[in-house]
Every structure is written in C-alpha cells, then in structure tokens.
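Q: Please take a close look at how the charged side chains pair in this model, and where the paired residues sit among the helices. Set that beside the helix packing and the cysteines.

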Amino acid sequence: MTSTNKESNGSPSPFNSSKGLWRNFQFVRMFIAYALATFGDWFDALAIQVMVAYRWGADPLIIALIPVCMAVPGILLGSVAGTLADRFHKVRIMLLCDVITVVLTIAILFAPSAIWLLPLLTLRAMMGVFHIPAQQALTRQVVSEEHLFQASSLNGFVAQCSKVAGPLLGAVILAVFSPQLCIVINACTRLISGLVLWPLRQLEQPKRLEGDGQPEQTSTEIESVLTQWVKGWNFIRSRRILLTTIVFGCFGLLAILMIDYQFTTLFRAIKPGNESLLGWLASSVGAGAVVVILLLNRLPRIGYGWGLGGGFIFIGIGIAALGWVTPLTPEIWVIVWGVCIGLGNGLSMVTLNYLLQKETPPAFTGRVFGIQNSLSSVVLVVAPLVGGILIRSAGASPAFQYIGIATFMIGVIGIVLQRVLWSEGKSPVAALQE
C-alpha cells in the first residue's frame, strides 16, 4: 500500500504511525499554519495596546475593555463553535476563519478610535473561537493515537514560543517603525497560514460516528446543530474523567488568572525603580514553559495526575514565592520564580490538551474543546476582577501568597487523588499512574 492511498481518507493511517509524526504531512501543514497564526496573534498584541494607550490616549476603562471584548465571544460561542467543528469540514472552517481574520486585521488599521476598534477585536476574537476547536478536532482526525501526546506538546511549544518571541519582535518593530506595521505583519502571517492549509481543503471527512463508535447516521437522521450541542454537554457530563479535568483545569486557571494582570501592581510596590522587571518575568515564564515542553516531547505520554497536579504545584510555588519577594531580594530570584511558573504552565497545558484529545472520541473532539474554551473564557473575565478585589483588600504581596498557596494545594489534591479523579478509561496513561 502506498502512503497516497492511506492519506486520501480522513483518518490517520498506519503508514503515518510507522513513519513518525513528522512524516505525517497533513499534520506538518497544520503545524506550520498554527505556528504562523499563533505568532501573528501575539505579534500585534503589544502594538494594539500601544496604539490605544499612547497614540489615541484612550481612557483606562476603554483599555480594560479590550481583554473583556476578546473573551466574550468564547463565552457565548465556544460550545457552539465546537459543535460546528464536529459537524462540518474542519479545514474549510479554519480557512474561512483565516480569511475573515485577515480582513478584520486590515480593518483595524483604519479604525479611527477605540470605539471602532473594540467591535473589530471582538469579531476577530470570534474567529479564533471557531478556529481552535476545528484545529483540535482536525489534529485528532489526522494524528494517530500513539502520536497525540507528541502533537499536543509540539502545539504547546509553538504557543509558548509565540508568547515570548511575538511580543519581543513586535516591540522591536514598534520601536523602529509603527504599530501599523505590526498589524500588517499579523495579517500577512494569517494569510500565509491559510495558504499552507489550502491543499488540505479536499481532505475527506471521517465517517460520522457516535461517541461510542456506533454506526454513522443516514442522511435522513442527521441531527440539528442544537441537538448535537446538547449531546456534547451530555457527553461531558457522562464522562467523569472529562468533567473532572475541565472543572479541575478551571479551578487552576482561576487561581492563575487572578494575578496574571497584577504583576505590575506587585513590582510597583516591591521594585518601583525597575520597570523592565515585568519583561524579564514574562520571558522567564515563557522560557520555563518551552523547556518543559521540549522535555515532554521526548516522552510517549504522561500521567494525568502528575501532569495537571504537578503543573499547578510548580505554578503555586512560583506565585507564592513572588509574594515573599522584598525590595532587598536579588532580582535574579524573580527570574527563577518566573521559570518555575513557566514549568508548571507548560506541564499542565500540554497534559490538559492531551487528556481531552485522548479521552474524547473523534466525533466529539470539537464539542469538548469548544465547551472547555467557553468555560475558560468565563474564568478569563471573572478571575482578574476577583484578583483585583483581593489585592485591593489584602495588598499585593499577601494576595500573591494566598493565591500561590491555593494553587499549590489544588496541585497536591490532583496528585494525591489522581486515581479517584482520573480512574475512568483504562488507557496507557492511566496505567502509568498506578
């Protein structure tokens, strides 16, 4: 049998499995496209903030609305987007999102004020909401099960590298040229991402199976989007391992995002003379995540409890330790604790994505990731508000200590109770935990 015959359908082939992930050219195209799109998204993030705050002199309330506007589409449409990813052609959804993103990014160039910018950012974020579950579902479709963990770690590696390299290179371009050039570069990277995906537009859809592998429905029995959306929620509720993971992940994310926007508040109090410290912290967090993801990429799999629980333990240690930093503490320790947070972030993120893909049948992958994205978006809005209230009432350093200890305890619970929380599904990963 030739590889062409095997790759003509929508499912991963034994050929791809035997030759390794990098010989799976469908995944390679997806990986390159994802890398370009993710890098572009982070490349103009700093430029937009500079344009709003410095060039337009926008009110602080308008600036605060930017992350909210970008989170609202995920809350409202995350689970619906996942349903559509399971129902329709995944590559074509991604291509459509790329095209619309390019148009919206170019439109941002001509936005005369923040009032026009906010709806454009909301619409652009909406395209990401539809793109993510389609990309995750397509990964589940074209990657063999033995390579899912490697694929998840590679995608995580790209995401973390983009978070570091994108803003840094964007800042260089911003200093030499203008915010508008950064936005143009983002539009170009998204356009190239779509061109890389273009040959996969004829990729055949897999047979429509129910979650337990039941035969596909006939054309007269195809369900409505609403019915499939409800089935997605019911499927998660019936699969305790998925429900536990999503809830556990949201609790950990809540603790992390409570302080994610408050590092400037902490450093302003303990290191008021060093404005560059925030940049060093961000780079160290990204570096820590990249290191752990590179290490994970050499493993065939990781235990769920060790990955999620261990990740939150690292994050908790780093956050709490920053809360104990004083004006006399050498600044190198800020970098050390940033690396610690990054190690935990990379470990938990890769494990979460791998678990959701491994424990979800291909027919439900889009819906599961869509629902998870929707719930994460709710946390993205709520957590910074709760963190701000806590810091205002307790002070920055004590709040970091409390939140760090809480995150650490969430991680300990994940490790100690891993056989209870993730006992369902006798997978190879579960076997490693025992």
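A: What follows starts with the salt bridges and then moves to helix packing, two buried residues and the cysteines.

The model is predicted. Two salt bridges are found in the structure. Side chains of opposite charge can pair when their charged atoms come close.

One of the two salt bridges joins the side chains of Arg 190 and Asp 98, with 3.0 Å from N to O. Arg 190 belongs to helix H9 (residues 179-197) and Asp 98 to helix H6 (residues 90-109), so this pair links distant parts of the chain, 92 residues apart. Arg 190 and Asp 98 are both buried.

Between Arg 239 and Glu 359 there is also a salt bridge, at 3.1 Å from N to O. Arg 239 is in the loop between helix H10 (225-238) and helix H11 (240-260), while Glu 359 is in the loop between H15 and helix H16 (365-394), so the salt bridge ties together parts that are 120 residues apart in sequence. Glu 359 has a relative accessible area of 7% and therefore counts as buried, the cut-off being under 20%.

The loop that holds Glu 359 follows from H15, and H15 (residues 332-358) packs with helix H14 (residues 304-323): their axes come within 7 Å and cross at roughly 155°. H14 is therefore roughly antiparallel to H15, since angles over 145 degrees are classed that way. H14 passes H15 in a left-handed crossing. In the contact of H14 with H15, the residues comprise 19 nonpolar, eight polar and one charged.

On the other side of the salt bridge, the loop with Arg 239 lies between H10 and H11. H11 packs with helix H17 (residues 396-416) at an angle of about 160°, and the axes are 9 Å apart. H11 and H17 are thus roughly antiparallel to each other, and their crossing is left-handed.

A further packed pair is made by helix H3 (residues 25-43) and helix H7 (residues 114-142), at an angle of about 160° and with 10 Å between the axes. That angle makes H3 roughly antiparallel to H7. The crossing of H3 and H7 is left-handed.

Ala 33 is a residue of H3. With 1% relative accessibility, Ala 33 is classed as buried. The C-alpha atoms of Ala 33 and Leu 195 are separated by 8.3 Å, although the two residues are 162 residues apart along the chain.

Helix H6, which holds Asp 98 of the salt bridge with Arg 190, is also the place of Met 94. Met 94 is buried, its relative accessible area being 2%. Between Met 94 and Gln 135 the C-alpha to C-alpha separation is 7.2 Å in space, against 41 residues in sequence.

The cysteines remain. A disulfide is a covalent bond between the sulfur atoms of two cysteines. A search of the whole structure finds zero disulfides. Cys 69 has 16% relative accessibility and so counts as buried, whereas Cys 188, at 40%, counts as partly exposed.

Definitions and conventions:
Residues are numbered from 1 along each chain as its sequence is written. This is a predicted model: local features need pLDDT of at least 70, side-chain atom pairs count only at pLDDT 80 or more; totals for chains, interfaces and linings use all residues. Side-chain values use heavy atoms; hydrogens and water are left out. Axes are lines fitted to C-alpha atoms, for helices over the stretch in contact, and angles run from 0 to 180 degrees between N-to-C directions. Helices (H or I, at least four residues) and strands (E, at least two) are DSSP runs, numbered from the N terminus. Angles under 35 degrees count as roughly parallel, over 145 as roughly antiparallel, 65 to 115 as roughly perpendicular and the rest as oblique. A crossing is left-handed if the near helix is turned anticlockwise from the far one by less than a right angle, and right-handed if clockwise. Ala, Val, Leu, Ile, Met, Phe, Trp, Tyr, Cys and Pro count as nonpolar, Asp, Glu, Lys and Arg as charged, and the others, Gly among them, as polar. A disulfide is a pair of cysteine sulfur atoms within 2.5 Å. Buried means under 20% relative accessible area, exposed over 50%, partly exposed in between (1.4 Å probe, protein chains only). A salt bridge is a side-chain nitrogen of Lys or Arg within 4 Å of a carboxyl oxygen of Asp or Glu.
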